[in-house]
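Me: I want the reasoning behind the labels, not just the labels. Take me through this one.

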There are 2 protein chains.
Amino acid sequence: MGVLPKRSEDYSAWYNELVKHADLAENSAVRGCMVIKPYGYSIWEKMQQALDKMFKDTGHTNAYFPLFVPKSLFEAEEKNAEGFAKECAVVTHYRLKNDPNKPGKLMVDPEAKLEEELVVRPTSEAIIWNTYKNWIQSYRDLPLLINQWANVVRWEMRTRLFLRTAEFLWQEGHTAHATQAEAIAETTQMLDIYAEFAEKFMALPVVKGVKTANERFAGADDTYCIEALMQDGKALQAGTSHFLGQNFAKAFDVKFSDKENKLSHVWGTSWGVSTRLMGALIMAHSDDEGLVLPPILAPIQVVIVPIPKGEESLRAIDAKVDPLVKALKAKGISVKYDNRDTHKPGWKFAEYELKGVPVRIAMGQRDMENGTVEIARRDTKEKTVIAFDDVLAYVENLLVEIQDNIYNKALSYRDEHITKVETFEEFKEVLNGKGGFISAHWDGTTETELKIKEATKATIRCIPLGSVEEAGVCVFSGKPSKQRVLFAQAY
Amino acid sequence: MGVLPKRSEDYSAWYNELVKHADLAENSAVRGCMVIKPYGYSIWEKMQQALDKMFKDTGHTNAYFPLFVPKSLFEAEEKNAEGFAKECAVVTHYRLKNDPNKPGKLMVDPEAKLEEELVVRPTSEAIIWNTYKNWIQSYRDLPLLINQWANVVRWEMRTRLFLRTAEFLWQEGHTAHATQAEAIAETTQMLDIYAEFAEKFMALPVVKGVKTANERFAGADDTYCIEALMQDGKALQAGTSHFLGQNFAKAFDVKFSDKENKLSHVWGTSWGVSTRLMGALIMAHSDDEGLVLPPILAPIQVVIVPIPKGEESLRAIDAKVDPLVKALKAKGISVKYDNRDTHKPGWKFAEYELKGVPVRIAMGQRDMENGTVEIARRDTKEKTVIAFDDVLAYVENLLVEIQDNIYNKALSYRDEHITKVETFEEFKEVLNGKGGFISAHWDGTTETELKIKEATKATIRCIPLGSVEEAGVCVFSGKPSKQRVLFAQAY
C-alpha cells in the first residue's frame with residue numbers, strides 16, 4: 001500500500017502515520033490526550049497481563065487510590081511538589097450551571113468553588129503515603145507491597161502519541177519497608193522485572209542503570225531506569241524504579257515500631273511503566289511497511305488469507321482451513337481467518353503487514369491441489385511453501401523463532417550503537433553521525449551535564465549498573481572521571 | 001471478635017464497619033473519594049475478569065478515551081449535559097506555582113488558565129461520540145462494539161463507600177449500529193449479561209426492567225436496569241443499559257452510508273456497571289460476623305488453620321497439609337495455609353469469618369491422630385469432621401454448594417419481599433414494615449411518581465420485563481393503570 005513515509009526520509013512522520021494507520025491510537029479533541037484504539041489497546045492489555053502476573057508473583061497486590069490530590073497533601077514532599085507543579089491539571093470547581101447569556105450553553109458555577117484545589121494526580125506518592133500513615137504502625141505491617149493501574153495527567157506542552165501525552169495509563173508500585181537495604185533490594189528487583197519484561201515480551205534489549213542527580217525523580221534518593229534504543233539512534237527511557245529513602249515517610253510522618261518497640265520512619269520505593277512502552281515497542285521493531293510485533297504481544301499471531309478461484313474454490317478452502325484454525329487455537333495461538341469477499345488478497349496482505357501480524361498463511365487453489373500452503377513471516381518477509389499437514393508444528397516453531405529474531409536484531413543494533421569516545425569532538429561526531437548511546441567519561445557534576453546537553457541535546461541516560469570503574473578524563477571538562485556513563489539524545 | 005454492630009440494630013453502621021474491618025475500602029483525604037484496599041480490590045479484579053470475558057465473548061473490544069471532556073463537547077447533547085452539569089468536577093488551570101506569600105506552599109498559577117474548561121468525565125458519551133464521528137462512514141464500519149474500563153467522577157454531596165462515591169471505577173460500553181432494532185437488541189443483550197453475571201458470579205438475583213421516563217439516563221430513549229434487593233429491604237440498582245436512539249448521533253453528527261449509499265444517523269447504546277457492585281455484593285449476603293462471599297468471587301476460597309500442640313505438632317501438621325494445599329491449587333482453588341505463630345487459632349477463625357472466606361479447614365493434634373479435619377462453611381457456619389483423604393473432593397463440591405446456597409437464600413428473601421398491594425395504605429404499611437419491592441398499579445405519570453416519592457421516599461425501581469398487562473387502578477391517584485410496576489426505597 002505504501003501508506004507510510006520511509007523511516008530513512010522522515011522518521012518522525014513515519015512513526016506518526018504508523019500509529020494512525022495501524023489503528024493504534026489517535027489524537028483526541030482534548031489537547032495532548034490520546035484515544036487508544038481497540039487494536040492498540042489489545043496490545044496494551046497483553047502488556048498489562050504479563051506485568052501484572054510478574055508483580056503478583058513477587059508478592060505485590062493491586063489497590064486503587066483517588067485520582068485527586070488535595071493541594072496541601074501535594075505540596076507536603078517539597079521536592080516532589082516542585083518537580084511536578086508546572087504540569088498539574090487543577091480542579092477548582094465542582095459544578096456547571098446554565099449560562100444566562102448563552103441559551104443551551106453551560107458555564108462554571110462560581111458559587112461551586114472548592115475550598116481547596118485538587119490536583120489531578122501526576123503520580124500518586126502524596127495521596128498514597130498519606131494513606132500509608134494509617135496502615136503502618138508495626139513491623140508486622142511491613143513490607144507493604146502495593147501496585148496500582150491508573151491514569152495520570154502531566155500537562156506537557158509538546159505531546160506525541162504514546163511517547164508523551166497529557167494523560168497516560170500506567171502502573172505505579174508503592175512499597176514501604178522496615179530497612180534501607182530491603183527497600184533498595186525492592187527497587188532493583190522491580191528494575192530487573194522491567195528489564196525482563198522488556199526483553200522477553202517486547203523483544204527489546206535494555207540497559208539497566210542509575211540516573212544522575214539531575215535526571216532523578218523528584219523526591220527520590222536514587223532513580224534506576226531501563227533505557228532502550230530506537231531505530232533512529234535515539235534513546236527511550238522505558239521504565240523507572242525509585243528508591244525514595246525516607247523522604248515520603250518523613251513528609252507524611254509514616255513510622256513503625258520494631259520488635260523492640262523503637263519507632264522509626266519507614267523506607268520507600270516507587271516504580272512505574274506506562275503506555276509509553278507502546279511507543280517503544282512500535283519504534284524499536286517496525287519497518288516501512290508497518291508494525292512488526294513480537295509474537296508474544298501480538299493480538300493476532302497468525303492470519304490465514306484464502307486466494308480462491310471463485311465461490312466454490314472459497315468454500316473448499318474454508319472447509320480445509322476450519323480444522324487448522326481450531327488446531328491453532330487449541331495450541332493457544334491467536335488466529336484470524338479472513339475470508340471476507342469485500343477485500344482482495346493483496347489488500348489483506350498489506351493490511352496485516354501494516355498491523356504487524358507475525359505470521360501470514362496464504363492458501364490458493366493450487367495449494368489445495370498440492371496439499372500445501374504459503375507461509376510468510378512478517379519480520380524478515382521470507383516466504384516458504386510447506387505441506388499442509390506440517391503447518392501446526394511449523395507455525396508453533398516459527399512464532400518462537402520470530403520472537404527470538406526480533407530480539408536479536410534489536411540487540412545487534414543496540415550493541416553496534418554503543419560507542420566509546422574519548423574527546424568531545426568524537427562525541428559530537430558520533431552523535432550527529434551514527435547516533436545511539438555514547439559511552440564517555442564525565443566529571444560527575446551537574447554543571448558539565450547541563451553544558452553538554454545545551455551543546456548537543458544529549459543527556460546522560462544512565463550510569464550503567466555493573467560497569468567497571470575506569471580512570472579517565474571528562475570529555476567535556478577534562479577533569480578526572482572514575483567511570484563512563486551513557487549519553488544519548490532521547491525521546 | 002464482635003467488631004461489627006448488629007444488622008438488626010444499625011444496618012447502616014454495620015455496613016460501614018464491615019467495609020472497613022474486612023479491609024475492603026476506606027475514605028480518603030479527598031472528600032467523597034475512596035481508597036479501595038488490596039482485599040477489596042482483589043474481589044473487584046475477579047468481577048472485572050468475568051465481565052470482561054463476557055463482553056469479549058459477545059464481540060466487544062476494549063479501548064481508552066480521554067479523562068477530560070472539553071465543555072463545548074460536554075454540552076452538545078443537551079439532556080445529557082443538563083443531567084450531569086450539577087455534579088461535574090472542572091479543571092480550569094494547568095499549572096501551580098510557588099506562593100510568594102507562603103514559602104514552601106503552592107498556588108494555582110492565574111496565568112495558566114485554560115481557554116476552555118475541561119470536565120472530568122462523569123460518563124463518556126460526549127467524548128466517545130465525538131470520536132465515533134471520524135470512525136464511522138459506511139455500513140462496513142458498523143456495528144462498532146467498544147467497552148472502556150475507567151474511572152469517572154460525579155460530585156455527590158452525600159457519599160458512601162462503594163455505593164456512592166465522587167470517583168468510582170466502572171466499565172462503560174458504547175456501541176453504534178445501523179438499525180434501531182439492532183441497537184435495541186444490543187441494549188437487552190447487555191442487560192442479560194449483567195443479570196447473568198449478578199446471578200452466576202455474585203449469587204445475586206435481580207429483577208430486569210425498564211426505568212420510567214423520570215428515572216431514565218439523561219440522553220437515553222430508554223434505560224434498562226437490573227435491580228437487586230438488600231437485606232434491609234432496600235433496592236439497589238446494580239447495572240444499567242441504555243438505548244440512546246439517535247440522540248448522540250445527531251448531537252455529534254455521526255452518519256453512515258448504507259449499501260445504497262443513503263446517509264443516515266447511526267443508533268447508539270451505552271451500558272455500565274461500577275464498583276457499586278461491591279456494595280451490592282457486601283450488603284446482599286453478609287452477616288453480623290462479617291463478609292459472606294460467593295466462592296467464585298472470593299480471593300481466598302479455602303483457609304487452612306493448624307491448631308498444634310507445640311512446635312513439633314505444628315511441623316507435623318505443616319508436612320501433612322503441604323500436599324493438600326498443592327492438590328487444592330492444582331484444582332484451581334485458591335487456598336491459604338495460615339500457620340503464623342503470631343496469632344491464635346481463635347483470632348484467625350474470627351478474622352477469616354470477617355473476610356468471608358467460604359471454607360475453613362482446621363487441623364489439630366487429634367485430627368492428625370484420627371486422620372481427620374474439621375471443615376466449617378462460612379455461609380451456614382456448619383462444621384463437619386471428615387476423613388483427610390476425602391478433603392479434596394469434599395471441598396470441591398462444597399464450594400459449588402455454598403455458591404448455590406448463597407444464591408438461593410438471596411432468591412428466597414427477594415421473592416418473599418415482592419409484595420402486591422392494592423391501596424396506598426397497604427403500600428405504606430408494607431414499605432414501613434417488611435420493606436422490599438412493592439408491586440403496585442401506577443397511572444403512568446411522572447406527577448404521581450414524584451408525589452409517591454415525596455410521601456414515602458419510594459421510587460419506581462422498574463417496570464419489570466415480561467410482566468403481563470393487567471387492568472387496575474393507580475394506588476395513589478386512582479386513575480386507570482395497565483400494569484404493575486415495582487416500587488422500593490433504594491440506595
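Reply: Gladly. This is a predicted model. The domain assignment splits chain A into domain 1 (11–285), domain 2 (297–401) and domain 3 (418–488).

Me: How far apart are the centres of domain 1 and domain 2 of chain A?

Reply: Their centres, taken over C-alpha atoms, are separated by 40 Å.

Me: What makes you say that these two domains touch?

Reply: The test is C-beta atoms within 7 Å. By that test, 9 residues of domain 1 of chain A are in contact with 5 residues of domain 2 of chain A. On the domain 1 side, helix α2 (residues 38–57) of chain A gives the largest share, 5 residues. By class, that side has 6 nonpolar, 2 polar and 1 charged residues.

Me: How do you know which residues of helix α1 of chain A are buried?

Reply: Count neighbours. A residue is buried if 20 or more other C-beta atoms lie within 10 Å of its own. In α1 (residues 11–21) of chain A, the buried residues are Trp14(A), Tyr15(A), Leu18(A) and Val19(A).

Me: Why say that they line one face of the helix?

Reply: Look down the axis of α1(A). The buried residues fall within an arc of 125 degrees, so they line one face. An α-helix has 3.6 residues a turn, so residues three or four places apart point the same way. The cover over the buried residues of α1(A) includes β1 (25–27) and α8 (276–285) of chain A. After α1(A) comes Asp23(A), with a positive phi near 60 degrees.

Me: What is the burial and contact picture for chain A as a whole?

Reply: Of the 491 residues in chain A, 48% are buried. Among contacts with a separation of 6 or more, 68% are between residues 24 or more positions apart. Chain A has 14 helices and 27 strands. Its C-alpha atoms fill a box of roughly 80 × 70 × 55 Å along the principal axes.

Me: Now chain B. Why are β3 and β22 of chain B said to stand at the edges of a sheet?

Reply: Start with the order. In chain B, 11 strands form an open sheet, β3-β9-β10-β16-β13-β12-β11-β24-β27-β23-β22, with mixed pairing. β3 (61–62) and β22 (418–420) of chain B each have a single partner strand, so one side of each is left without a neighbour in the sheet.

Me: What makes β3(B) and β9(B) a pair?

Reply: Pairing takes at least two bridges. β3(B) is joined to β9 (residues 144–153) of chain B by 2 bridges, and the two run parallel. So the pair qualifies. Asn62(B) has Asn147(B) as its bridge partner in β9(B).

Me: Which strands pair across the two chains?

Reply: β5 (residues 90–93) of chain A and β5 (residues 90–93) of chain B are joined by 3 bridges and run antiparallel. Val90(A) stands opposite His93(B) in β5(B). Between the chains, 55 residues of chain A are in contact with 55 residues of chain B. The chain A side divides into 32 nonpolar, 11 polar and 12 charged residues.

Me: Why are the two copies said to be related as by a two-fold rotation axis?

Reply: Superpose them. A turn of 180 degrees with a shift of 0.0 Å along the axis lays chain A on chain B, at an RMSD of 0.0 Å. The two copies are therefore related as by a two-fold rotation axis. In chain A, the C-alpha nearest that axis belongs to Val91(A), 2.1 Å away. The same surface serves both copies, as 100% of the contact residues of chain A recur in chain B.

Note on methods: Residues numbered from 1 in each chain as written. Chains lettered and ligands numbered in written order. Predicted model: local features only at pLDDT ≥ 70, side-chain atom pairs only at ≥ 80, totals over all residues. Domains from an automatic or database assignment. Helix = DSSP H or I, 4+ residues; strand = E, 2+ residues; numbered from the N terminus. Nonpolar A, V, L, I, M, F, W, Y, C, P; charged D, E, K, R; others polar. Least-squares fit on C-alpha atoms with pLDDT ≥ 70 in both. Buried ≥ 20, exposed ≤ 12 C-beta atoms within 10 Å, placed from the backbone. Arc of directions from axis to C-beta.
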